[in-house]
Amino acid sequence: MTAVFIDDGLRRTGEPEFVVNTLNDLAIKVKYIDATEEFFQALKGKRDAEEKRKAFREKFYKTLGKVAREEKVKFIAQGTIMADIVETVKGIKTQHNVLEQIGINPAIYGYSILEPLKELYKPEVRMVARELGLPTEISERMPFPGPALSIRVLGEVTPQKIEIVRKATEIVEKETKNLGTFQNFAVLHNDKATGIKKGERVYGNIITIRTVVSEDAVTAKAKRVPYEILEKITKRITNEIPSVVRCLYDITHKPPATIEFE
Ligand code: XMP
């Protein structure tokens, strides 16, 4: 088996290192592929959520195709779970890791796909991880979408916008880590708003903070986060990220919202 980590430049702070090191500690050698430029190129000019998701999916499977050819492998194993398939088949959103279930034959990318977890929902996936003795940082890890920060930058993705949402995500995750929530994150809006920094007008960025409670991601409730925590996050984000002038908190449950914005 060859483990592959594709660095798309869209991960959270320190995530590539964390994944590679954690797998190395489990005696799994990881092939690290830097595809940052290619992913940004693939997403360039795409504004619509589904268009972005499909562009990400295409680049993801094509990059794997290149690896498959180099390594001469016929099978790619991936961690698609039931919730991914259900949402994609229903047409709610195109999850990056669903192909055959919507009639796309992975042979077009040069390999077959194995999906050992595809009949399980998140709580059962965690049970498998615990049973296998994986470290708790893995078995209890907060879910994170395949297209990563690209779907948390509303509208067109640029390296600069990814930097902003990456920093905001780091702050939100740190300040909410003891809430026992399912997912905590930041979203960068496409719109701007007026603010004041150092006595001067700034037409700056807007960040939404989202933290949700859920079992399996099929439904979710916005968490009633203590106001002091929201205030601290807002203060940190607007202080530490110069272009951000405003933070909002999303109180919408799923449904009618989804967990992610795109
Ligand atoms: P939504 O936003 O549909 O998300 O309520 C449900 C759960 O799925 C995650 N998510 C994804 N996971 N590929 C993934 O592997 C994707 O394309 C994708 N999109 C959303 C999301 O973070 C939440 O946990």
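Is Glu-231 buried, partly exposed or exposed? Glu-231 is partly exposed, because its relative accessible area is 46% and the partly exposed class lies between the cut-offs of 20% and 50%. Keep in mind that we're looking at a predicted model. You'll find Glu-231 in helix H8, which covers residues 227-240. Now look for Cys-247: it sits 16 residues from Glu-231 along the chain, and 9.4 Å separate the two C-alpha atoms.

**Two domains**

Let's zoom out. The protein is split into domain 1, residues 2-139, and domain 2, residues 148-249. Here are some values for the pair.

| What is described | Value for domain 1 and domain 2 |
|---|---|
| Separation of the centres, over C-alpha atoms | 25 Å |
| Residues in contact | 19 of domain 1 with 20 of domain 2 |
| Area buried between them | about 1600 Å² |
| Share of that area from carbon and sulfur atoms | 58% |
| Salt bridges across the interface | two |
| Residue pairs in polar contact (both at pLDDT 80 or more) | 10 |

Which parts of domain 1 touch domain 2? Helices H2, H3 and H5 (122-131) each bring at least two residues to that side of domain 1.

There's also a salt bridge you can pick out by eye: the side chains of Arg-47 and Glu-156 meet there, with 3.1 Å from N to O.

**A closer look at H2**

Helix H2 runs through residues 36-43, and its buried residues are Thr-36, Phe-39, Phe-40, Ala-42 and Leu-43. Why do these residues line one face of the helix? If you look down the axis of H2, the buried residues fall within an arc of 160°, so they end up along one face. A bit of background helps here: an α-helix has 3.6 residues a turn, so residues three or four places apart point the same way.

What about the face turned away from the buried side? That face of H2 carries Glu-37 and Gln-41, and these two residues are exposed.

So what do the buried residues of H2 pack against? Their partners are two strands, S1 (3-7) and S2 (30-34), along with two helices, H3 (49-71) and H7 (159-175).

Finally, follow the chain just past the end of H2 and you reach Gly-45, which takes a positive phi of about 80°.

To pull the picture together: H2 has a buried side with residues such as Phe-39 and Phe-40, a face with the exposed Glu-37 and Gln-41, and at least two residues on the side of domain 1 that touches domain 2.

Technical notes: Residues are numbered from 1 along each chain as its sequence is written. This is a predicted model: local features need pLDDT of at least 70, side-chain atom pairs count only at pLDDT 80 or more; totals for chains, interfaces and linings use all residues. Side-chain values use heavy atoms; hydrogens and water are left out. Buried means under 20% relative accessible area, exposed over 50%, partly exposed in between (1.4 Å probe, protein chains only). Helices (H or I, at least four residues) and strands (E, at least two) are DSSP runs, numbered from the N terminus. The arc is that of the directions from the helix axis to the C-beta atoms. Contact means heavy atoms within 4.5 Å. Domain bounds come from an automatic or database domain assignment. Buried area is the accessible area (1.4 Å probe) that two parts lose on being put together, summed over both. A salt bridge is a side-chain nitrogen of Lys or Arg within 4 Å of a carboxyl oxygen of Asp or Glu. A polar contact is a pair of N or O atoms within 3.5 Å; within protein, one must be able to donate a hydrogen and the other to accept it, and residues adjacent in sequence count only if both atoms are side-chain atoms.
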